[in-house]
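Visitor: I'd like a close look at one small part of this protein, and then a walk outward from there. Could you take me through it?

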Amino acid sequence: MNRLLSLLIALLPLCAFAQEEVGFTADRPGATTGVDVLPKGRFQWETGVAWERSKLDGPAETTWTINNSLLRLGLSEHAELRLQADYLCSSVEGCHYNGFSDVAIGTKVKLFEGWKAVPEVALLANVLIPGSDDSHYLPQEWGCQLGLAFQNQLTPRLALSYEGDLIWSDDSKPSAFYGLCLSFDLTDRLFLCLEEYNNHNSDGTECWSELSLGYMLTPRLQLDLGSDISLSHPNRYHNLMFGLSWQITK
């Protein structure tokens with residue numbers, strides 16, 4: 001009897017974890033966006049820091065992402081409100097820059113829950129907020145982003161996500177983002193993501209890959225670690241990213 005009681009007590013945290021994790025969803029790590037939305041009334045903060053060393057556009061430039069934050073609020077069973085804002089510091093040839101980057105407000109709407117081989121589908125819509133004339137990172141004009149995200153659950157532990165976006169900003173023609181991500185649950189709390197994504201604009205196409213790990217520290221707190229690789233110029237770009245996703249309200 002004492003052994004049985006001890007076993008039940010030991011299993012209680014695992015049961016609580018399994019029950020409470022229902023409803024948690026994170027759009028970190030990775031460049032592609034997941035299809036799931038937060039439950040109504042839930043509030044979540046997803047943030048991270050990163051180091052980047054790039055020679056893609058000329059002289060070596062070092063950039064620290066001090067904070068890249070995504071705030072998410074569940075509006076209904078199928079929709080959420082999203083606010084994105086990053087803050088960067090860069091150094092190139094003795095010149096230093098800092099300021100906000102990628103400031104946007106928008107929504108994600110779950111359109112379809114999926115059925116057999118038919119994927120889950122979500123709509124992404126963002127308004128891109130411009131900066132002042134002396135902003136180093138922000139566009140000078142208002143813009144918008146429209147996209148569709150898909151996901152197929154291949155096995156209980158293996159999922160394939162893919163996304164395509166059109167982005168209207170300072171250029172007269174829209175740029176495009178498209179990518180796919182294969183995620184594998186190594187354990188109940190640890191998962192691995194392999195991602196390939198592309199940015200296409202009037203200057204050409206940039207091809208990237210990302211390897212990342214995520215770990216559920218608690219039912220409402222996820223940690224992640226990742227690195228991007230430039231497939232076009234792998235020796236001219238290096239970075240390392242660390243982040244967390246915290247569902248603040250239950």
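Visitor: Let's start with Thr-32: in the loop between which elements is its place?

Guide: Keep in mind that this is a predicted model. Thr-32 sits in the loop that runs between α1 (2-20) and β1 (43-54). Although it is a loop residue, Thr-32 is buried, because its relative accessible area is 8%, which falls under the 20% cut-off. Its side chain makes a polar contact with the side chain of Glu-195, at 2.6 Å. If you skip the neighbours within four places in sequence, Thr-32 touches Asp-27, Glu-163, Phe-177, Gly-179, Leu-180, Cys-181 and Glu-195.

Let's follow one of those contacts, Phe-177. This residue belongs to strand β8 (residues 175-185), and it counts as buried because its relative accessible area is 9%. Beyond four places in sequence, Phe-177 is in contact with Ala-31 and Thr-32, with Glu-163, Gly-164, Asp-165 and Ile-167, and with Tyr-197, Asn-198 and Asn-199.

Now for the rings. A pair of aromatic rings is described by how far apart the centres are and by the angle between the planes. The structure holds five aromatic pairs. In one of them, Tyr-87 and Phe-100 have ring centres 5.1 Å apart and planes at 80°, so the pair is edge-to-face. Tyr-87 is in strand β3 (residues 79-92) and Phe-100 in strand β4 (residues 95-112), so this pair ties together parts 13 residues apart in sequence. Tyr-87 is partly exposed, with a relative accessible area of 28%, and Phe-100 is also partly exposed, at 47%. Phe-177 and Tyr-197 make another pair, this one tilted, at 6.0 Å centre to centre with 35° between the planes. That pair links distant parts of the chain, with Phe-177 in strand β8 and Tyr-197 in strand β9 (residues 190-201), 20 residues apart. Tyr-197 is buried, with a relative accessible area of 8%.

The picture widens from here. Ring pairs join Phe-177, Tyr-197, Trp-208 and Tyr-237 into a cluster. Those four residues also appear in the largest nonpolar core, whose seven residues are Ala-104, Leu-128, Ile-167, Phe-177, Tyr-197, Trp-208 and Tyr-237. In soluble globular proteins, nonpolar side chains tend to be buried together.

Zooming out, the protein chain has one helix and 12 strands, with the helix coming at the N-terminal end of the order and the strands following. The radius of gyration is 20 Å, close to the 18 Å that the globule rule gives for 250 residues, so the chain is as compact as a globular protein of that length. Along the principal axes, the C-alpha atoms fill a box of roughly 70 × 35 × 30 Å. Buried residues account for 36% of the 250. Among contacts between residues at least 6 apart in sequence, 46% join residues at least 24 apart.

A word on confidence, then. The protein chain averages a pLDDT of 90, and 91% of the residues score at least 70. Among the elements, strand β5 (residues 120-128) has the highest mean, 98, while α1 has the lowest, 45. Over residues 7-21 the pLDDT stays under 50, and the model has eight contacts beyond four places in sequence for that stretch. That brings us back to the start: α1 is the helix on one side of the loop that holds Thr-32.

Conventions
Residues are numbered from 1 along each chain as its sequence is written. Side-chain values use heavy atoms; hydrogens and water are left out. Helices (H or I, at least four residues) and strands (E, at least two) are DSSP runs, numbered from the N terminus. Buried means under 20% relative accessible area, exposed over 50%, partly exposed in between (1.4 Å probe, protein chains only). A polar contact is a pair of N or O atoms within 3.5 Å; within protein, one must be able to donate a hydrogen and the other to accept it, and residues adjacent in sequence count only if both atoms are side-chain atoms. Contact means heavy atoms within 4.5 Å. pLDDT is the predictor's confidence in each residue, from 0 to 100. Rings of Phe, Tyr and Trp (its six-membered ring) pair if their centres lie within 6.5 Å; planes under 30 degrees apart count as stacked, over 60 as edge-to-face and the rest as tilted. A nonpolar core is a set of buried Ala, Val, Leu, Ile, Met, Phe, Trp, Tyr and Cys residues joined through side-chain atoms within 4.5 Å. The radius of gyration is taken over C-alpha atoms; the globule rule is 2.2 Å times the number of residues to the power 0.38.
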